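Me: I'm new to this one and would like to learn how to read it. Can we go through it together, feature by feature?

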Amino acid sequence: MSPSKGKQMQSIQAVSLVSEADAIRAFLDEKKRKRLQSNRESAKRSRVKKQRKLEDLALEKGWLLKDIEEKEKKLEHSEREWHALESENNVLMRTEKLRLAQYLNSLHLLMKNLGISYNKPERTPAEPMFNPWHVPIPNQNFGPVLASAGILRL
């Protein structure tokens, strides 16, 4: 082979290597460019999705605040009603206690006028209202309480 042909061959091989390296570089550059573009589009989708989520959360916050406000109003209304009923109940309780005390006094007077002896309990008439499970009973002998076995069946 002649020296010029060898140089030409080397030069072709060098050009071939350079063009092959350029082709690889161009291919990698294209791949990198596509990846960057894909990343930009993905980031844009993420921003849009985040913005949409933020808007949805803002709407939900508004609904929840409105719901809280409505429930607070209902609670205030219920508390006012409860206080009014409690006051009314206290008045009725005092009235009923007074009525029962007067009734008891009239029964005591009637018993006294009829000559029926009665040992007045040491408690005041209003105390059974505070302890409804303990009702004062006059000193009378009622005898034992009898029950048949059939009453106690479940």
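Me: Let's start small: is glutamate 69 exposed, partly exposed or buried?

Reply: Keep in mind that this is a predicted model. Buried means under 20% relative accessible area and exposed means over 50%, with partly exposed in between. Glutamate 69 has a relative accessible area of 43%, so it is partly exposed.

Me: Which side chain does glutamate 69 meet in a salt bridge?

Reply: The general idea first: side chains of opposite charge can pair when their charged atoms come close. Here, glutamate 69 pairs with lysine 73, at 3.6 Å from N to O. Lysine 73 counts as exposed, at 51%.

Me: Why are lysine 73 and glutamate 69 separated by about one helical turn?

Reply: Because they sit four residues apart in helix α1. You'll find a similar layout with lysine 71 and aspartate 67, also four residues apart in helix α1; their salt bridge spans 3.4 Å, N to O.

Me: How many salt bridges are there?

Reply: The count is four. One of them joins glutamate 30 to arginine 33, with the closest N and O atoms 2.5 Å apart. Those two are three residues apart in helix α1.

Me: Which residues form a nonpolar patch on the surface?

Reply: That would be Ile24, Phe27 and Leu28, sharing about 320 Å² of accessible area. Leucine 28 belongs to helix α1, which runs over residues 3-114, and its relative accessibility of 48% makes it partly exposed.

Me: And what about the whole chain: how many of its residues count as buried?

Reply: Just 1% of the 154 residues. The secondary structure comes to two helices and zero strands.

Key. Residues numbered from 1 in each chain as written. Predicted model: local features only at pLDDT ≥ 70, side-chain atom pairs only at ≥ 80, totals over all residues. Heavy atoms only, no water. Buried < 20%, exposed > 50% of the residue type's maximum accessible area, 1.4 Å probe, protein only. Patch = residues over 30% accessible without salt bridge, like charges linked within 9 Å, V, L, I, M, F, W, Y side chains within 5 Å. Areas by Shrake-Rupley, 256 points an atom, 1.4 Å probe, with all protein chains shown as cover.
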